[in-house]
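Visitor: I have a model open in front of me and would like to learn how to read it. Could you walk me through a few features?

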Amino acid sequence: WGGDLIVRKLFMACYRYPRKATITQFTDSVVELRIPKTEGFDYNPGQYVKIAIPEISIFQWHPISISSSPHQHWVTFHIRKRGYWTTRLHDLAGKKSSIPILLEGPYG
């Protein structure tokens with residue numbers, strides 16, 4: 001169990017995928033996160049990733065559907081403001097254009 005946790009949280013989140021995302025307030029209630037698609041980040045339509053935003057909480061991982069096509073050079077996520085975590089994310093989008101993120105996945 002501990003080995004799996006180390007592999008998923010440390011290797012995938014800290015070393016395998018990008019650790020910076022562009023953040024934009026897409027609408028009054030939707031935020032767009034965008035990362036460059038790196039080699040090895042292969043996914044199919046309908047898959048999701050788990051995302052942690054260290055500026056909000058390093059311990060809260062949220063499943064977010066991938067909203068971009070697998071053929072694009074960017075991976076995008078569109079997240080609606082619904083609860084505490086997503087409201088904080090929306091607030092960050094109003095203050096910053098880039099934020100650190102941790103990714104795990106894709107799954108599904």
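**Charged pairs, the fold and a cis bond**

Guide: Gladly! Let's start with glutamate 32, which is buried, with a relative accessible area of 11%. Please keep in mind that this is a predicted model.

Visitor: How do I decide that a residue such as glutamate 32 is buried?

Guide: Buried means under 20% relative accessible area. At 11%, glutamate 32 therefore counts as buried.

Visitor: Which residue does the side chain of glutamate 32 meet in a salt bridge?

Guide: The general idea comes first: side chains of opposite charge can pair when their charged atoms come close. In this structure the partner of glutamate 32 is arginine 34, with 3.9 Å from N to O. The cut-off for a salt bridge is 4 Å, so the pair of glutamate 32 and arginine 34 at 3.9 Å qualifies. Arginine 34 is partly exposed, with a relative accessible area of 29%.

Visitor: How many salt bridges are there by this rule?

Guide: The count comes to 2. Besides the pair we just discussed, lysine 96 forms a salt bridge with glutamate 55, and their closest N and O atoms are 2.8 Å apart. This pair links distant parts of the chain, 41 residues apart. Lysine 96 sits in the loop between helix H2 (84–95) and strand E6 (98–100), while glutamate 55 sits in the loop between strand E3 (48–53) and strand E4 (57–65).

Visitor: Are lysine 96 and glutamate 55 buried or exposed?

Guide: They fall in between. Lysine 96 is partly exposed at 35% relative accessible area, and glutamate 55 is partly exposed at 31%.

Visitor: What helices and strands should I look for, and in what order do the elements run?

Guide: The protein has 2 helices and 7 strands. From the N terminus on, the order is α-β-β-β-β-β-α-β-β. Of its 108 residues, 38% count as buried. For contacts with a separation of 6 or more, 68% come from residues 24 or more positions apart.

Visitor: Where is the cis peptide bond?

Guide: Look at the omega angle of the peptide bond. Here the cis bond joins glycine 105 and proline 106, with omega about 5°. Glycine 105 lies in strand E7, and proline 106 has its place in strand E7 (residues 102–107) too.

Visitor: What surrounds glycine 105?

Guide: Glycine 105 is buried, with a relative accessible area of 3%. Valine 49 is 56 residues from glycine 105 in sequence, yet their C-alpha atoms are 4.7 Å apart in space.

How values were computed:
Residues are numbered from 1 along each chain as its sequence is written. This is a predicted model: local features need pLDDT of at least 70, side-chain atom pairs count only at pLDDT 80 or more; totals for chains, interfaces and linings use all residues. Side-chain values use heavy atoms; hydrogens and water are left out. Helices (H or I, at least four residues) and strands (E, at least two) are DSSP runs, numbered from the N terminus. Buried means under 20% relative accessible area, exposed over 50%, partly exposed in between (1.4 Å probe, protein chains only). Contact means heavy atoms within 4.5 Å.
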